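Reader: I would like to learn how to read the features of a protein model step by step, from the whole chain down to single residues. Could we go through them in turn?

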Amino acid sequence: MIAFLMILWYYSNHCMEIARGSGVAEIAWGIVESSEYQERQRRIIRGIGRAATREFNPESSYRLVDRYVASGVADDILKERGDTDKAPEYKILELIQKMPYWICAEEKLESYRNGVFYERNNKIREKETVVAFNKVVRDIISKGQYTRKSELISDVQGAMECLGYSDEEIENAYKFLAHVINGMRHEIAAEIALRKTRGVRAVYMASVDDDLSGIDLIVEYRDKYGNEYIIGLDIKSTPDSARNANNSDRDEGYYAIWSGFDHRLGDFGSYGDNLMPSNKAVKMVRSFYKAELEELVRGKNYKKSRKSRRRR
């Protein structure tokens, strides 16, 4: 633990900004090199060795050890530090802590989509795991720890190689991460634009329960008559996906909406690889949100907020 804490001290005092494209892999390597990690690994492997005669392929069991040992070490550091005054690298520690559970949950959810039988509570639990991981990815992006989508994906894959994930798992992670990161950057871009849209009083990230229902952002909006509304928005990366979501059953006060950003038009850089939108794109999208919000409240599908909320 001391050795790894020294690494974190180095990051905090000498690297105010984590190296672009190397943060996750570098911290994963630091965990693997720590004395606590190596001691935990030895204890577990000795236990596996005693049971190896009952294993058809004990090597696969050894390979599973690394990721969960790293997850445990990352968890210990996070608990020791607590919730206050966290440096940027602690979000990466959270990513490593959740990673083995996330990849397992994503693979199970994919099998469910392909027709494998599941129990409803099991599916909810897997979704909760994925949502928790996605929120960490969102925090890493919003804090500017990486500038490019390709860098973040590559670095997570590098960390997975370091921690003993199989080639198939790393390949699956690429697919899952590409989807997650794209969704998170559209959500962040929408939040930035909404905060600068006339009539918007506040924007909040959705709770876990709302997120599981498909809601990404909660918006407090005041129309031109002074009426205030609370609107739950499900941010989509394309107009078609928003349209399809709205054609399904939705709870009152919730609505799927296109983020207004298009990587093909350079809103996320010339090659569509940037994680944050350009200032020009944000400025252009504000009028789109103004029109969409006005249209929504005209439909009277949204409850007006209480007067007490107007003074928040």
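Author: Let us begin with the surface of this predicted model: the protein chain has an accessible surface of about 17,100 Å², and carbon and sulfur atoms hold 48% of that area.

Reader: What percentage of the residues in the protein chain is buried?

Author: A residue is called buried when its relative accessible area is under 20%. By that criterion, buried residues make up 46% of the 312 residues in the protein chain. The secondary structure comes to 11 helices and four strands, and, among contacts with a separation of 6 or more, 66% join residues that are 24 or more positions apart.

Reader: How should I read the largest pocket, and which residues lie nearest its centre?

Author: One may take the volume, then the lining, and then the elements that supply the lining. Here the largest pocket has a volume of about 1,000 Å³, and its lining consists of 29 residues, with Val 130, Asn 134, His 179, Asp 211 and Lys 236 lying nearest the centre. The elements that contribute two or more residues to this lining are helix 5 (89–113), helix 6 (120–142), helix 8 (167–195), helix 9 (208–212) and strand 3 (228–236).

Reader: Which element gives the largest share of that lining, and how do the lining residues divide into nonpolar, polar and charged?

Author: Helix 8 gives the largest share, with eight residues, while the lining as a whole divides into nine nonpolar residues, nine polar residues and 11 charged ones.

Reader: Turning to single residues, is Lys 91 buried or exposed, and which residues does it touch?

Author: Lys 91 is found in helix 5, and it counts as buried because its relative accessibility of 18% falls under the 20% cut-off. Once residues up to four places away in sequence are set aside, Lys 91 touches Val 136, Asp 139, Ile 140, Lys 143 and Gln 145. With one of these, Asp 139, the side chain of Lys 91 forms a polar contact of 2.9 Å.

Reader: What can be said in the same manner of Arg 138?

Author: Arg 138 lies in helix 6 and is buried, with a relative accessible area of 4%. Leaving out its neighbours within four places in sequence, the residues in contact with Arg 138 are Met 184, Glu 187, Ile 188, Glu 191, Met 205 and Leu 217.

Reader: Where is Ser 34 found, and what lies 3.3 Å from a polar atom of its side chain?

Author: Ser 34 is found in the loop between helix 2 (23–33) and helix 3 (35–51), and at 1% relative accessibility Ser 34 counts as buried. A polar atom of the Ser 34 side chain lies 3.3 Å from the backbone nitrogen of Tyr 37. Along the chain, Ser 34 and Val 73 are 39 residues apart, yet their C-alpha atoms are separated by 9.1 Å.

Reader: Which class of accessibility applies to Asp 75 and to Ala 132?

Author: Partly exposed is the class between the 20% and 50% limits; Asp 75, in helix 4 (residues 58–81), belongs there because its relative accessibility is 21%. From C-alpha to C-alpha, Asp 75 is 7.4 Å from Glu 94, with their positions 19 residues apart in sequence. Ala 132, placed in helix 6, is also partly exposed, with a relative accessible area of 31%, and its C-alpha is 8.1 Å from that of Lys 98, although the two residues are 34 residues apart in sequence.

Technical notes: Residues numbered from 1 in each chain as written. Predicted model: local features only at pLDDT ≥ 70, side-chain atom pairs only at ≥ 80, totals over all residues. Heavy atoms only, no water. 1 Å grid on protein atoms, 1.4 Å probe; cavity = no way out; pocket = protein on both sides within 12 Å on 5 of 7 lines; lining within 4 Å. Points joined across faces, edges and corners; volume = space filled by probe spheres on them. Nonpolar A, V, L, I, M, F, W, Y, C, P; charged D, E, K, R; others polar. Buried < 20%, exposed > 50% of the residue type's maximum accessible area, 1.4 Å probe, protein only. Polar contact = N/O pair within 3.5 Å; in protein donor to acceptor, adjacent residues only side chain to side chain. Contact = heavy atoms within 4.5 Å. Areas by Shrake-Rupley, 256 points an atom, 1.4 Å probe, with all protein chains shown as cover.
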